[in-house]
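Visitor: Please choose a single part of this structure and describe it closely. I should then like to see how other parts compare in setting and backbone shape.

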Amino acid sequence: MVFRILRPDSVEVWKNQEILKRFPKYRGIIDGTQIARYLIARTIDCEYESNDSIENLEIILKAKSEEFNSLLKAEIEEIEHRITADQSYIHLAETLANKYLEKCIFCERQCEINRIDGDKGFCLISKDSYVSSAFLHMGEEPVLIPSGTIFFQGCNFGCVFCQNSDISQAWKNKKNLEDIAQKVNPKQLAGIANKLVDKGAININYVGGDPIPNIHTIVGSLNYQSSNICQLWNSNFFLTDKSLSLIIDFMDFWLPDFKYGNNECAKKYSGIENYFDIVARNHKRIHDEGSGEICIRHLVMPNHIECCSKPILDYVAKELPKAVMNIMGQYRPQYKAFNYEEINRRPTSQEMQEVRDYADKLGILWRPVS
Ligand code: SF4
């Protein structure tokens, strides 16, 4: 049995019965009364050959996902007694992820370049993953702190207002990534995660840039992590349906962004196509098929209440009733936002109030995490 220490502000939030009701497994993992999903997945035996075709591996992955979800219904005592498989569901997902790397389709940019051979797509990350920092983050939502946050270099978005451009963009001009970040393989990444747990993390929080270009390393690290710790995916969520299949059963908690309420604004400020359709699809899938324990982050942008904030809130209220929302007011013009007059200021208090009132009107739970 593991006991973790919650910070006083977290304790207050957990007194909210609605939060407890939305995040029961996550809280159970913190308290040691539930088992992290990746540990359960490690007990599922998989028969496959590493030279199997992608199509065959995908068929086996689907079958193993069904087996995993049946197993989740078993009593915890039964799960506790299962042993780790020599070749598990996680090994299978890692093998498939490395196959996808040969024609990268991790995110919906679908660059289809061979990252194993060293080619680079939009994110400019080859097969290697780079961690720029890893620490106990106290600035995340109260239910998440202290969060064992691991920042990866590189991003598949190109947001003109990026608040993290030193990690997501600026490094692109550097010749040598090793000068500013630590190259990690799955085993080394697990070592970083294990150290964060030893320091008191209540979750392992994969972020960036974005974690999507590093799915292969993150999934691989789950073979080496050793603690009953919540796995948390903190991302722009622009991943393909196939790559979501690689992680959907292993993540206990989801912290996805929901930035734009339509495709046009996304194209203008992040340079991506079909944003709303893709990100809404992915949110729906983790809500209905994944753990369903979700905190959606929405960064309110100036002059984007009608076109972005309200359509997102409408979608969440209708399609994602289990989700909690963090309605964020910390937008400020950074990076290249000064070139866009309409977003070259902070949101006003009236704009923030309008969004919050609208969320209240729709019955969205946002106050405890915003
Ligand atoms: S992760 Fe996305 S942006 Fe990066 S190479 Fe793959 S498909 Fe392209």
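Guide: Helices (H or I, at least four residues) and strands (E, at least two) are DSSP runs, numbered from the N terminus. The model is predicted, with residues numbered from 1 along each chain as its sequence is written, and local features need pLDDT of at least 70, side-chain atom pairs count only at pLDDT 80 or more, and totals for chains, interfaces and linings use all residues. Side-chain values rest on heavy atoms, leaving out hydrogens and water.

The part chosen is helix 3, which covers residues 24–31. Within helix 3, Tyr26, Arg27, Gly28, Ile29 and Ile30 are buried; buried means under 20% relative accessible area, exposed over 50%, and partly exposed in between, with a 1.4 Å probe and protein chains only. These buried residues pack against helix 1 (8–14), helix 2 (17–22), strand 4 (203–207), strand 5 (230–235) and strand 6 (253–256), where contact means heavy atoms within 4.5 Å. After helix 3 comes Gly32, with a positive phi near 80°.

Most residues other than glycine have a negative phi, and most peptide bonds are trans. Gln110, in the loop between helix 7 and strand 1, has a positive phi near 45° and is not a glycine. Asn274 likewise is no glycine, and its phi is positive at about 55°; Asn274 lies in the loop between helix 12 (263–270) and helix 13 (275–288). Gln110 counts as partly exposed because its relative accessible area is 35%, and Asn274 is partly exposed because its value is 41%. The peptide bond from Ile145 to Pro146 is cis, with omega near -5°, and Pro146 belongs to the loop between strand 1 and strand 2 (147–152).

Gln110 also leads to the ligand, since Gln110 is one of the residues around it. Others include Cys104, Cys107, Arg115, Phe122 and Asn156; a residue is near a molecule if one of its heavy atoms lies within 4 Å of it. The shell around the ligand consists of 7 nonpolar, 3 polar and 1 charged residues. Here Ala, Val, Leu, Ile, Met, Phe, Trp, Tyr, Cys and Pro count as nonpolar, Asp, Glu, Lys and Arg as charged, and the others, Gly among them, as polar. Phe122 is found in the loop between helix 7 and strand 1 (129–137), and it is partly exposed because its relative accessible area is 32%. Its C-alpha is 9.1 Å from that of Gly158, although the two are 36 residues apart in sequence.

In the interior, the largest nonpolar core has 117 residues, and those with the most contacts inside it are Ile150, Phe161, Trp233, Trp254 and Tyr260. Helix 7 (residues 89–101) supplies the largest share of this core, 8 residues. Such a core is a set of buried Ala, Val, Leu, Ile, Met, Phe, Trp, Tyr and Cys residues joined through side-chain atoms within 4.5 Å. Not counting residues up to four places away in sequence, Ile150 touches, among others, Val131, Leu189, Ile204 and Tyr206. Asn214, in the loop between strand 4 and helix 10 (215–221), is buried because its relative accessibility is 0%. With the same exclusion of residues up to four places away, Asn214 touches Ile125, Ser129, Tyr130, Phe152 and Gln153.
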